Amino acid sequence: MKIFNSAQTRELDKYTIEHEPIRSADLMERAARALVRTIAQRWDRDVPVVVFAGPGNNGGDALAVSRLLQEKGYTVATYLFNITGSLSADCAEMRKRLTDRKNHQMTEVTQEFDPPHLDEATLVVDGLFGSGLNKPLAGGFASLVKYINASGAQVVSIDLPSGLMSEDNTYNVRANIIRARLTLTFQQLKLSFLFAENQQFTGEVEVLDIGLSPDAIDKMDAQWTITEADEISAMLRPRDPFAHKGTMGHALIVSGSYGMAGAAVLATRACLRAGAGKVTVHTPKRNAAILQSLAPEAVLHLDREETIFSEPVPTDDFQALAIGPGLGTTEQTAIAMIAQLRRAQCPAVADADALNILAAKHAWMQQLPKGIILTPHAKELDRMEGLCVDSYERLTKARRLAERLQGYVVLKGRYTAICMPDGHVAFNPTGNAGMATAGSGDVLTGIICGLLARGYQQREACILGTYLHGLAGDLAAQDLGQESLIASDLIQYLPKAFLKVKSEK
């Protein structure tokens with residue numbers, strides 16, 4: 001699924017109007033019918049409805065919703081804010097259609113506004129401002145938003161909660177954004193919906209198909225996409241019936257320090273479950289018994305030191321390398337880590353302490369091999385690239401880092417963002433809050449490494465690995481619930497994730 005910016009959304013509307021062909025007001029009517037269908041499915045006719053409409057096309061949507069709800073028997077009070085005396089053409093058309101209706105209850109606000117009573121029993125339809133907004137709300141509109149938020153009313157926002165911008169809200173005034181219970185957005189998700197700090201405003205999000213041109217959607221380039229199941233199915237490679245362990249790839253996991261053997265176990269077992277033919281784990285001597293017991297299928301390669309990683313391993317015989325989980329950050333380990341990456345003769349994934357070392361020794365970033373995969377969570381990226389105000393700024397920095405390194409940055413989160421060397425960002429839709437547990441990232445590192453060993457290119461390994469990782473978490477949560485999910489459950493359910501993807505081919 002493509003995610004378009006606000007300018008592209010306007011172009012998509014324009015293309016649909018010109019090529020369907022359809023009048024813009026009738027396209028608005030079509031959108032309003034989709035909105036009303038969803039509202040009517042969730043709220044009965046006995047709920048009092050208050051509609052707030054702004055002067056633009058979002059307000060036009062709201063006025064059309066008001067009229068259609070009244071036709072269905074709802075009691076609706078409508079407030080149209082026309083402070084400047086300048087409505088968009090479609091908003092003016094919807095005002096006429098509403099006022100032509102007998103017994104309408106519409107108040108057009110041009111100066112003073114006496115707000116209606118709102119409480120928990122009231123359904124508010126928020127149509128003040130949509131995707132065209134490019135600055136924070138202020139003045140009377142900010143006061144109205146605060147009044148609505150304080151009322152406890154059930155709020156349905158049209159396209160976006162008023163005050164929230166489609167992409168960048170870094171400098172927005174968050175007190176002046178509607179807090180919706182439900183956001184009904186048109187055709188595609190907005191980028192800002194994918195950021196954790198904006199969930200308090202959007203509430204539940206439902207995407208409504210309003211029949212925008214599929215040809216235009218196909219032709220229009222998008223900087224951001226959300227991975228879909230059919231893409232993953234097409235990406236998954238069949239196994240050669242004559243395959244053997246030598247043809248399925250040999251992966252090297254450099255992981256673990258004394259007291260952190262668990263990270264090495266999780267990454268190693270995940271790499272095995274991802275289908276690598278052979279996995280060698282390099283770890284300090286004191287981790288030997290734990291690795292032999294908990295990952296017996298792996299080849300054990302011991303460091304000369306008892307408790308830390310101290311020397312790089314030749315990679316000539318490996319098809320993929322993962323380094324970082326539980327590694328530690330001692331000076332000796334740091335020097336060995338950058339030497340390992342600098343000498344790598346195969347695709348490499350760096351995670352956890354490898355990233356913490358790079359954050360402390362930022363100049364070493366220049367030594368990273370082209371095509372490197374970094375898998376930071378938010379705090380790790382902030383340590384590497386500087387503290388970020390919000391998720392949009394963090395995503396921007398991750399994207400620039402991928403371009404600068406000519407590598408891949410897998411920025412982990414609810415919608416993990418896979419930032420690519422060409423500037424494209426693919427968001428992963430799978431996964432759930434139960435995966436917010438120690439070790440989940442180690443499992444992802446192992447999965448991506450296993451796919452690289454299998455012969456997947458970096459882009460494929462990142463997208464497929466992240467999707468399977470989240471899907472395993474979703475399948476585990478179905479059986480176990482989110483509360484009790486632990487990282488090893490993701491490895492246990494990885495085979496089911498592969499089977500589910502195969503079944504969707």
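Let's start with one pair of charged residues: Arg 97 and Asp 26 join their side chains in a salt bridge, with 3.4 Å from N to O. The two partners come from distant parts of the chain, since Arg 97 belongs to helix α4 (residues 89-99) and Asp 26 to helix α2 (residues 24-42), 71 residues apart. Keep in mind that what you're looking at is a predicted model. Asp 26 isn't hidden away completely: its relative accessibility is 28%, so it counts as partly exposed.

This pair has company, too. Arg 23, Asp 26, Glu 29, Arg 67, Glu 71, Glu 93 and Arg 97 are all linked in a network of salt bridges. Why would such side chains get together? Opposite charges can pair when the charged atoms come close. Across the model, the count comes to 23 salt bridges.

Here are three of them side by side:

| Basic residue | Acidic residue | N to O distance |
|---|---|---|
| Arg 97 | Asp 26 | 3.4 Å |
| Lys 96 | Asp 100 | 2.9 Å |
| Arg 237 | Glu 460 | 3.3 Å |

Take the pair Arg 237 and Glu 460, whose closest N and O atoms are 3.3 Å apart. Arg 237 sits in the loop between α8 (229-235) and β10 (250-254), while Glu 460 is in helix α16 (residues 458-480), so this bridge ties together parts that are 223 residues apart in sequence. Arg 237 is partly exposed, with 33% relative accessible area.

Now for Lys 96 and Asp 100, which form a salt bridge of their own. Is each partner exposed or partly exposed? Lys 96 has a relative accessibility of 48% and counts as partly exposed, whereas Asp 100, at 52%, is exposed. The cut-off for exposed is over 50%, so these two residues fall on opposite sides of it.

For a change of scene, look at strand β2 (residues 49-53). How many of its five residues are buried? Five of the five are. That goes for both faces: Val 49, Val 51 and Ala 53 are buried on one side, and Val 50 and Phe 52 on the other.

Which strands pair with β2? One is β3 (residues 76-81), which runs parallel to β2 and is joined to it by five bridges. Here Val 49 stands opposite Val 76. Together with helix α3 (residues 57-71), β2 and β3 make up a right-handed β-α-β unit. Another partner is β5 (residues 123-127), again parallel to β2 and again with five bridges. In that pairing, Ala 53 has Gly 127 as its bridge partner.

Definitions and conventions
Residues are numbered from 1 along each chain as its sequence is written. This is a predicted model: local features need pLDDT of at least 70, side-chain atom pairs count only at pLDDT 80 or more; totals for chains, interfaces and linings use all residues. Side-chain values use heavy atoms; hydrogens and water are left out. A salt bridge is a side-chain nitrogen of Lys or Arg within 4 Å of a carboxyl oxygen of Asp or Glu. Helices (H or I, at least four residues) and strands (E, at least two) are DSSP runs, numbered from the N terminus. Buried means under 20% relative accessible area, exposed over 50%, partly exposed in between (1.4 Å probe, protein chains only). Two strands pair if DSSP finds at least two bridges between them. A crossover is right-handed if, with the strands pointing away from the viewer, the path from the first strand over the helix to the second runs clockwise.
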